[in-house]
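Reader: Hello! I have this protein open on my screen and would love a close look at one part of it, set in the context of the whole chain. Could you walk me through the second helix and what lies around it?

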Amino acid sequence: MTKQPLVVFIHLDLGIGGAESLVLNLAKATLQSSSDPNNSATDDKISIYTTHCSPTHCYDEVKPPNGPLYPYVNVCGSWIPRKLFFGGTALCSALRMLYLTYRAIKDNPQANVFVIDVLPTGVPYLVNYCNVRAGVLFYCHFPDQLLTMDTVNGERGSSGGNNSSNNGGLMIRLLKHLKRLYRGILDKTEEVTMSYSDLVVV
């Protein structure tokens with residue numbers, strides 16, 4: 001009897017969308033490819049970790065109680081806020097992803113492969129701190145730092161330079177500098193943490 005390899009998927013929010021569809025398709029493919037009618041092992045072949053999975057807003061594959069992937073879904077870290085009172089959605093997402101990674105490796109120290117997508121925050125924790133021997137694959141849908149560039153969200157074109165000296169222009173400039181610093185730290189974190197993966201696919 002051969003022990004089945006264990007693949008752990010870490011995804012921030014199992015709602016309905018392209019990223020979620022990809023993760024679930026990979027999970028189903030992993031189950032099918034590792035199925036062996038002559039193997040009576042009962043060990044789980046996959047495990048899925050997420051901070052949120054609403055029964056009313058998810059794919060049928062993970063919908064309770066009859067979804068084929070529902071038994072493999074572990075919801076952890078739902079208590080971590082999605083954003084702070086001043087914003088900080090990206091920061092909270094990074095922290096949620098780090099906690100998910102912590103729970104995934106704690107519950108599955110014998111995992112053979114970790115598949116992480118959207119945010120690579122927890123990858124260095126797996127590779128350096130936990131020193132896992134499992135392979136780490138990071139699926140990068142689109143770098144967050146590119147999604148938040150001024151040329152994408154239009155901030156550069158609406159900077160309001162003519163009014164910067166009026167009605168709190170100094171405060172506005174200060175807030176923009178703080179936002180640029182905040183984004184710079186998160187962008188650099190994304191760039192560095194992604195490099196710890198064994199394989200990055202886009």
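Author: Happy to; here is the overall picture, then the helix, then its surroundings.

This is a predicted model, in which local features need pLDDT of at least 70, side-chain atom pairs count only at pLDDT 80 or more, and totals for chains, interfaces and linings use all residues. Residues are numbered from 1 along each chain as its sequence is written, and side-chain values use heavy atoms, with hydrogens and water left out.

The average pLDDT (the predictor's confidence in each residue, from 0 to 100) is 83 for the protein, and 80% of the residues score at least 70. Residues 151-161 have a pLDDT below 50, and this stretch has 8 contacts in the model beyond near neighbours in sequence; contact means heavy atoms within 4.5 Å. Where pLDDT is low, the predicted coordinates should not be read in detail.

The protein has 6 helices and 6 strands. These are DSSP runs numbered from the N terminus, with H or I and at least four residues for helices, and E and at least two for strands. Read from the N terminus, the order is β-α-β-β-α-β-α-β-α-α-α-β. Of the 202 residues, 37% count as buried; buried means under 20% relative accessible area, exposed over 50%, and partly exposed in between (1.4 Å probe, protein chains only). Among contacts with a separation of 6 or more, 66% are between residues 24 or more positions apart. The protein exposes about 12000 Å², with carbon and sulfur atoms supplying 57% of it; such areas come from the Shrake-Rupley method with a 1.4 Å probe, and for residues only the protein chains shown count as cover.

Now to your helix. Helix 2 has 19 residues, and its end C-alpha atoms are 27 Å apart, in agreement with the 27 Å it should span at 1.5 Å a residue. The expected span is 1.5 Å times one less than the number of residues. Its buried residues are C92, S93, A94, R96, M97, L100, T101, A104 and I105. The cover over them includes strand 1, strand 2, strand 4 and helix 3 (123-129).

Strand 4 deserves a stop of its own. V115 sits in this strand, which covers residues 113-117, and V115 is buried, with a relative accessible area of 12%. Leaving out residues up to four places away in sequence, V115 touches V7, V8, F9, I10 and L137. The C-alpha atoms of V115 and L199 are 9.7 Å apart, although 84 residues separate them along the chain.

What about the surface? L84, F85, F86, L91 and L95 form a nonpolar patch there, with about 560 Å² of accessible area together. Patches are made of residues with over 30% relative accessible area and no salt bridge, joining like charges within 9 Å and nonpolar side chains (Val, Leu, Ile, Met, Phe, Trp, Tyr) within 5 Å. F85 lies in the loop between strand 3 (73-75) and helix 2 (89-107), and F85 is exposed, with a relative accessible area of 83%.

The loop before helix 2 also takes part in a salt bridge, meaning a side-chain nitrogen of Lys or Arg within 4 Å of a carboxyl oxygen of Asp or Glu. R82 pairs with D13, the closest N and O atoms being 3.1 Å apart. D13 lies in the loop between strand 1 (7-10) and helix 1 (18-33) and R82 in the loop between strand 3 and helix 2, so the pair ties together parts 69 residues apart in sequence. R82 is partly exposed, with a relative accessible area of 42%.

In all, the protein has 6 salt bridges. Another one joins K28 and E61, with 3.0 Å between the closest N and O atoms. K28 is in helix 1 and E61 is in the loop between strand 2 (46-50) and strand 3, so this pair ties together parts 33 residues apart in sequence. K28 is partly exposed at a relative accessible area of 26%. K63 and D60 also meet through their side chains in a salt bridge (3.6 Å, N to O); K63 is partly exposed at 30% relative accessibility, while D60 is exposed at 57%.

C58 belongs to the loop between strand 2 and strand 3, and is buried at 5% relative accessibility. Apart from neighbours within four places in sequence, C58 is in contact with L14, G15, I16, C53 and K63.
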